[in-house]
Amino acid sequence: MTRTLYLFGSAAPPVFDIGHVVGDAQERGWDVRLGLTPTAARWLGDQLPALEESTGGPVRSDYKLPGQPDVWPKADAILVAPTTFNTINSWALGITSSFVVGVVAEGIGKGIPLVTMPCVNAAYVQHPAFHRSLETLRGAGVRVLYGPGGFEPNQPGEKKPYPWAAALDAVTAVTG
């Protein structure tokens, strides 16, 4: 039986590794469908055809039009990573103006296992909305990988490895 993972990425530098993450998830037995925020899709524009080939389906960054069929299988889990300051706060507030946020906001209500791992710098995490948003998502049942064992903020402009393996491990943990 094939399990379907929706892998959703925001416009943060680790999104450039998403092709490798798709492959790693597939090696773990997932049928991966890739969704991106509009800015992340623009960043990866020249890679989109290869990403569609590797996932076997369209990379989505926009809502489908009314009446159009859904082209993806139902999700067994959703991983949102990297998740930017904007995406975290929009999701926690239920502001569904983007496809990615709309799907994960609805995913809470549908009971789909959800994992998110932020990618924000130490300046953003000083904003009071950020920690409130993380607590809101945790309270809604989302597994948030922030802090030890997940993502730890870096200084603005600083580059550190993004813990993709921890994110995929967490998806396995929440799905049994």
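The following questions and answers concern the sheet, helix α7 and the nonpolar core of a predicted model.

In this predicted model, local features need pLDDT of at least 70, side-chain atom pairs count only at pLDDT 80 or more, and totals for chains, interfaces and linings use all residues. Residues are numbered from 1 along each chain as its sequence is written, and side-chain values use heavy atoms, with hydrogens and water left out.

Student: In what order do the five strands of the open sheet lie?
Tutor: Strands are DSSP runs of E with at least two residues, and helices are runs of H or I with at least four, numbered from the N terminus. Two strands pair if DSSP finds at least two bridges between them. The pairing here is parallel, and the order is β2-β1-β3-β4-β5.

Student: Which are the edge strands?
Tutor: An edge strand of this sheet pairs on one side only. That description fits β2 and β5.

Student: How many bridges join β1 and β2?
Tutor: Leu7 stands opposite Leu34 in β2, and Phe8 stands opposite Gly35. The two strands also belong, with α1, to a right-handed β-α-β unit; right-handed means that, with the strands pointing away from the viewer, the path from the first strand over the helix to the second runs clockwise. Their parallel pairing runs over seven bridges.

Student: How many residues of β2 are buried?
Tutor: Buried means under 20% relative accessible area, exposed over 50% and partly exposed in between, with a 1.4 Å probe and protein chains only. Trp30, Val32, Leu34 and Leu36 point one way, Asp31, Arg33 and Gly35 the other way, and all are buried. The count for β2 is seven of seven.

Student: Why do the buried residues of α7 line one face of the helix?
Tutor: The buried residues are Trp164, Ala167, Leu168, Ala170 and Val171. The arc is taken from the directions between the helix axis and the C-beta atoms. Seen down the axis of α7, the buried residues line one face because they fall within an arc of 155°.

Student: Which residues touch the most other members of the largest nonpolar core?
Tutor: A nonpolar core is a set of buried Ala, Val, Leu, Ile, Met, Phe, Trp, Tyr and Cys residues joined through side-chain atoms within 4.5 Å. The largest one holds 57 residues, and those touching the most other members are Leu7, Phe8, Ile78 and Leu79.
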